[in-house]
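Please find below some notes on the aromatic side chains, written for someone who has not yet looked at this structure. They are set out as numbered points and are best read beside the model.

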Amino acid sequence: MQFWRFLYAGGTQYPADTPAPFALSSAGETVPAGGGAVAVEVQSEEKALGWVVADCPDWISASAVSGIGRTTVILTAAENKSADGRFGTVIFRSSDKQECSVIITQAGAELTGYDKWVQDSFPPDAAADRTAADAVPAGDGIPNLMKYATGQDPLKPCGGVTKVTLEEGEDGCMHLVLRWPVNPQATDVKHEVEASTDLVDWISLGEVETAGKTAAEFWDAEPVRESGMERRFLRLKVTRE
């Protein structure tokens with residue numbers, strides 16, 4: 001005996017061995033975070049029975065929104081860019097008011113970069129104003145993005161992430177050298193060194209390549225003279241790409 005998998009139709013239950021007058025081939029499907037398509041067959045005992053897609057989430061598109069009799073409909077889920085999974089119910093309604101539905105479940109996107117660091121470093125219920133890139137939850141004046149780029153714990157105060165020394169260069173002159181730790185997993189940030197003579201106006205001295213490194217250093221090209229030179233300061237600037 002031929003029969004179809006039945007969800008519900010007009011609120012009337014049918015025995016498992018009795019063909020449902022209006023049903024779908026599946027009650028639920030799962031798609032990956034990147035999106036995907038599933039085929040759902042609209043099954044009808046009456047060949048002339050019409051149907052429509054009565055309700056559908058905006059992130060799911062249907063290859064057909066209406067039809068007559070038995071029809072295969074392709075339901076396509078868009079990419080889920082959120083880390084949270086989601087599900088949506090697509091409702092099919094026949095011309096005699098019977099309804100069947102299929103639930104599409106989609107996984108959440110895998111977090112990377114700064115977002116993954118936040119997930120690993122903060123409690124699940126941490127407020128957004130504590131996990132923001134410019135937030136300073138430890139109260140030490142060092143924002144989250146800087147601690148992410150240099151591999152520091154955002155919830156623990158630290159004295160500083162950079163160190164400036166005065167060292168002799170190959171030219172025999174003394175130069176300022178800036179050093180700092182690097183988080184090799186932080187591949188979505190840019191490390192840039194800036195200089196200033198008054199701690200107010202800063203100019204960029206260039207980007208420092210940190211890919212695959214656990215530490216970085218920058219030698220200031222401007223030599224430090226014993227006399228006649230303005231004060232000079234170096235600092236590290238981190239920006240998210």
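1. Tyrosine 114 counts as buried because its relative accessibility is 3%, and the cut-off for that word is under 20%. Please keep in mind throughout that the model is a predicted one.

2. Tyrosine 148 is likewise buried, since its relative accessible area is 1%. Tryptophan 117, a partner of tyrosine 148 discussed next, is also buried.

3. The ring centres of tryptophan 117 and tyrosine 148 lie 5.4 Å apart with the planes at 50°, and the pair is therefore described as tilted. With tryptophan 117 in helix α1 and tyrosine 148 in helix α3, the contact links distant parts of the chain, 31 residues apart.

4. In total, the structure holds five aromatic pairs. In one of them, tyrosine 114 meets tyrosine 148 with the ring centres 5.4 Å apart and the planes at 85°, so this pair is edge-to-face. Because tyrosine 114 belongs to helix α1 (residues 113-121) and tyrosine 148 to helix α3 (residues 144-150), the pair ties together parts that are 34 residues apart in sequence.

5. Taken as a group, Tyr114, Trp117, Phe122 and Tyr148 make up one aromatic cluster.

6. Two further rings deserve a look for their charged neighbours. Over the ring of tryptophan 59 sits the charged end of arginine 86, 4.1 Å from the ring centre, and over the ring of tryptophan 202 sits the charged end of arginine 235, 4.1 Å from the centre of that ring.

Key:
Residues numbered from 1 in each chain as written. Predicted model: local features only at pLDDT ≥ 70, side-chain atom pairs only at ≥ 80, totals over all residues. Heavy atoms only, no water. Phe/Tyr/Trp six-rings, centres within 6.5 Å; stacked < 30°, edge-to-face > 60°. Helix = DSSP H or I, 4+ residues; strand = E, 2+ residues; numbered from the N terminus. Buried < 20%, exposed > 50% of the residue type's maximum accessible area, 1.4 Å probe, protein only. Lys NZ or Arg CZ within 6 Å of the ring centre and 35° of its normal.
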